[in-house]
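User: Could you take one close look at the salt bridges of this model and at the parts of the chain they tie together? I would like a connected account that also covers the helix packing and the burial around them.

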Amino acid sequence: MSSWRESLAIYLRPKLIAVLLMGFSSGLPLPLTFGTLTFWLAEAGVSRTTIGFLTLVGTAYSLKFLWAPLVDRLPLGALTRSLGRRRGWALAVQLPLAFAILALGFTDPRVDPWMTAMVAVVIAFLSATQDIVIDAYRIELLTPAEQGAGAAATQWGYRIGMIVSSAGALYAAEFGGWRTAFALSLIHI
């Protein structure tokens, strides 16, 4: 019994809690550009063909390996000097990501589904970039013995973030509209 407690105790370490929260932050934008967006577009009367085409928004997550080396090596001037490379990149990505999520709520897929799609593409790109930064930061932050627990904490946080973002956004949209749903998503990033 003692070994189970010891095994689980690692997740109570401050670094692992931080990794869990970063995973949560990383998981929030994904449903906003997939399931939640698809539901919103269908509700708005956008054609199924257009909705099907817009599933390509998520391509950024599959292609992030193309710009990961840049994110890994490119310093961001004052942000890198004051916060370090990983935290500097995190801040540089999260502010525009938050703005893009808010902007998505101000688009109207009935009037201009392509503007909605363009904002969703920006969200997916920034979110994929945030994933790159969080993964690199986690690897640098944790000791080799903590890496397995860190990967698990990231996945748990990611999944919880996805659930909150998808179910939470649908619930918020039901009572306050889509603009409110996307604005509330910002609280968690």
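Analyst: In this predicted model, Arg-13 has a relative accessibility of 40% and so counts as partly exposed, since that class covers values between 20% and 50%. Its side chain meets that of Glu-146 in a salt bridge, with N and O 3.1 Å apart. The two partners come from distant parts of the chain, 133 residues apart, with Arg-13 in the loop between helix H1 (2-9) and H2 and Glu-146 in the loop between H10 and helix H11 (147-185). Glu-146, at 5% relative accessibility, counts as buried, so this pair joins a partly exposed residue to a buried one. Lys-15 also belongs here, for Arg-13, Lys-15 and Glu-146 are linked in a network of salt bridges.

The loop that holds Glu-146 is also the place of Leu-142, which is buried, with a relative accessible area of 5%. Once neighbours within four places in sequence are left aside, Leu-142 is in contact with Lys-15, Leu-16, Val-19, Gln-147 and Gly-150, and Lys-15 is thus a member of the salt-bridge network as well as a contact of Leu-142. Leu-142 and Leu-83, by contrast, are 59 residues apart along the chain, and their C-alpha atoms are separated by 18 Å.

Lys-15 and Val-19 lead on to the packing of H2. Helix H2 (residues 14-27) packs with helix H10 (residues 113-141) at an angle of about 170 degrees, the axes being 10 Å apart, and the two helices are therefore roughly antiparallel to each other. On the H2 side the contact is made by Lys-15, Val-19, Met-22, Ser-25 and Ser-26, and on the H10 side by Ser-127, Gln-130, Asp-131, Ile-134, Tyr-137, Arg-138 and Leu-141. Sorted by class, the residues of this contact are five nonpolar, four polar and three charged.

Asp-131, one of the H10 residues in that contact, is also a salt-bridge partner, its closest O atom lying 3.5 Å from an N atom of Lys-64. This pair, too, links distant parts of the chain, 67 residues apart, with Lys-64 in the loop between helix H6 (59-63) and helix H7 (68-73) and Asp-131 in helix H10. Lys-64 has a relative accessible area of 22% and is partly exposed, whereas Asp-131, at 5% relative accessibility, counts as buried.

How many salt bridges are found in the whole structure? A search of the whole structure finds seven, and a further one to consider is the pair of Arg-110 and Asp-108, whose side chains meet with N and O 4.0 Å apart. In this pair Arg-110 is exposed, with a relative accessible area of 61%, while Asp-108 is partly exposed at 35%.

Asp-108 brings the account back to H10, since Asp-108 is among the residues that Thr-116 touches. Thr-116 is found in helix H10 and, at 1% relative accessibility, counts as buried. Residues up to four places away in sequence not being counted, Thr-116 touches Leu-37, Trp-40, Leu-41, Leu-104, Thr-107, Asp-108 and Pro-109.

Leu-37, Trp-40 and Leu-41 also appear, together with Thr-36, among the buried residues of helix H4 (residues 35-43). Seen down the axis of H4, these buried residues fall within an arc of 130 degrees, so they line one face of the helix. An α-helix has 3.6 residues a turn, so residues three or four places apart point the same way. The buried residues of H4 pack against helix H3 (29-33), helix H5 (48-54), helix H9 (85-105), H10 and H11. Thr-36, at 2% relative accessibility, counts as buried, and beyond the residues up to four places away in sequence it touches Pro-31, Ser-165, Ser-166, Ala-169 and Trp-178. Just after H4, Gly-45 takes a positive phi of about 85 degrees.

H11 also holds Gly-168, which is partly exposed, with a relative accessible area of 33%. Gly-168 and Ser-127 are 41 residues apart in sequence, and their C-alpha atoms are 18 Å apart in space; Ser-127 is one of the H10 residues in the contact with H2.

Notes. Residues are numbered from 1 along each chain as its sequence is written. This is a predicted model: local features need pLDDT of at least 70, side-chain atom pairs count only at pLDDT 80 or more; totals for chains, interfaces and linings use all residues. Side-chain values use heavy atoms; hydrogens and water are left out. Axes are lines fitted to C-alpha atoms, for helices over the stretch in contact, and angles run from 0 to 180 degrees between N-to-C directions. Helices (H or I, at least four residues) and strands (E, at least two) are DSSP runs, numbered from the N terminus. Angles under 35 degrees count as roughly parallel, over 145 as roughly antiparallel, 65 to 115 as roughly perpendicular and the rest as oblique. Contact means heavy atoms within 4.5 Å. Ala, Val, Leu, Ile, Met, Phe, Trp, Tyr, Cys and Pro count as nonpolar, Asp, Glu, Lys and Arg as charged, and the others, Gly among them, as polar. Buried means under 20% relative accessible area, exposed over 50%, partly exposed in between (1.4 Å probe, protein chains only). The arc is that of the directions from the helix axis to the C-beta atoms.
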